[in-house]
Amino acid sequence: MKVLVLNGSPKKKSDTFRMTERFLKGLNRDGQHEINVINVIDKKIAPCRGCFGCWARMDGHCVIDDDQNDILDLYRQADLIIWSFPLYCYGMPSHLKAVLDRTIPLVKMNMVQEKDGTVRHEALADFSKIHTLVICGCGFPDWEGNFDGLKAMCNVCFGGPDMLCIPETPLLNIPEAAPVADPLLDRFEKAGEEYASSFSLSQETIEGLETPMIPKEEYIRNVNSR
């Protein structure tokens with residue numbers, strides 16, 4: 001299958017992308033998949049102008065001539081799209097949100113009403129074949145409440161994707177934290193293997209990945225002592 005990874009971290013040594021790399025290692029254990037990683041921070045992607053020129057052309061491309069159109073082509077060809085990014089102000093980093101905003105060329109102006117009453121734009125691309133996975137890390141010490149806004153947005157934008165929301169990810173780049181960080185990375189690799197076999201993750205696997213590595217009070221104490 002074709003896998004498109006949209007890496008939204010602006011840093012070269014990214015906590016979140018370390019998890020994504022291990023997930024990809026498990027996912028592509030047999031080397032059968034074509035994996036294309038886009039480091040979004042290195043691309044020229046302007047904000048959406050809201051001009052709706054894409055809806056006039058209806059060719060699946062944006063009228064702004066920058067790197068986004070190459071991403072749109074890869075998007076349409078992908079079997080799996082992984083959005084990997086750190087949590088910024090309870091949402092996506094702005095440069096990655098620009099990519100999402102400018103996927104508008106992949107839908108039409110015409111609207112359709114789903115069976116549940118939800119109104120959406122008619123798809124120009126075949127989204128039914130595309131699986132979506134969101135991997136998001138944050139520096140807070142627990143899960144509750146910190147990812148609510150992001151989950152609501154992703155559920156609407158991606159139609160209820162699989163999501164992995166991981167707290168305490170700065171521990172992944174602290175050598176002293178290796179005894180708790182390395183097992184998490186190992187679990188991500190196993191999760192990739194699981195996902196490759198079924199395009200899904202069990203609730204047990206998700207909970208094992210999202211459980212904080214150390215107690216909240218200990219994490220806060222360590223952060224505040226630096």
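N69 touches H61, C62 and I64, leaving aside residues up to four places away in sequence. This residue sits in helix α3, which spans residues 68-77. Its relative accessibility is 11%, so N69 counts as buried. The structure described here is a predicted model.

**The nonpolar cores**

Helix α3 also takes part in the largest nonpolar core: β1 (2-7), α3, β3, α4 (94-101), β6, α5 and β7 each supply at least two of its residues. The core holds 30 residues, and L6, W83 and L150 touch the most other members. Helix α4 gives the largest share, four residues. Around L6, the contacts are I38, V40, I71, I81, I82, W83, S84, L96 and V99, again not counting residues up to four places away in sequence. A second core, separate from this one, has 28 residues, among them F23, I166, L172 and A177.

**Aromatic pairs**

Seven aromatic pairs are found in a search of the whole structure. One of them is formed by W83 and F158, and this pair is tilted. W83 lies in strand β3 and F158 in helix α5 (residues 148-158), so the pair links distant parts of the chain, 75 residues apart. Both residues of the pair are buried. W83 and F158 also belong to one aromatic cluster together with Y75 and F127.

Another pair is made by Y195 and F199, whose planes stand at 85°, so the pair is edge-to-face. The two partners can be set against each other in accessibility: Y195 counts as buried at 1% relative accessibility, whereas F199 is partly exposed, with a relative accessible area of 27%. The geometry of both pairs is listed below.

| Pair | Centre to centre | Angle between planes | Arrangement |
|---|---|---|---|
| W83 and F158 | 5.0 Å | 35° | tilted |
| Y195 and F199 | 5.9 Å | 85° | edge-to-face |

**Helix α6**

Y195 is one of the buried residues of helix α6, which include A181, L184, L185 and F188 as well. The helix runs over residues 178-198 and has 21 residues. From its first C-alpha to its last it reaches 30 Å, close to the 30 Å expected at 1.5 Å a residue.

Where do the buried residues of α6 lie around the axis? In full, these are A181, L184, L185, F188, E189, A191, G192 and Y195. They cover an arc of only 160° around the axis, which puts them on the same side of α6. The face turned away from that buried side carries the exposed residues P179, K190 and S197.

Which elements do the buried residues of α6 pack against? Two of the partners are helices, α1 (15-27) and α7 (203-210), and the others are the strands β3 (80-86), β6 (131-137) and β7 (162-166). Strand β3 is also where W83 is located. Following α6 comes F199, whose phi is positive, near 55°.

**The loop between β6 and α5**

G145 is found in the loop between β6 and α5. Is this residue buried or partly exposed? G145 has a relative accessible area of 34%, so it is partly exposed. G145 and Y90 are 55 residues apart in sequence, and their C-alpha atoms are 9.2 Å apart in space.

Terms used:
Residues numbered from 1 in each chain as written. Predicted model: local features only at pLDDT ≥ 70, side-chain atom pairs only at ≥ 80, totals over all residues. Heavy atoms only, no water. Expected span 1.5 Å × (residues − 1). Buried < 20%, exposed > 50% of the residue type's maximum accessible area, 1.4 Å probe, protein only. Arc of directions from axis to C-beta. Contact = heavy atoms within 4.5 Å. Phe/Tyr/Trp six-rings, centres within 6.5 Å; stacked < 30°, edge-to-face > 60°. Core = buried A, V, L, I, M, F, W, Y, C linked by side-chain atoms within 4.5 Å.
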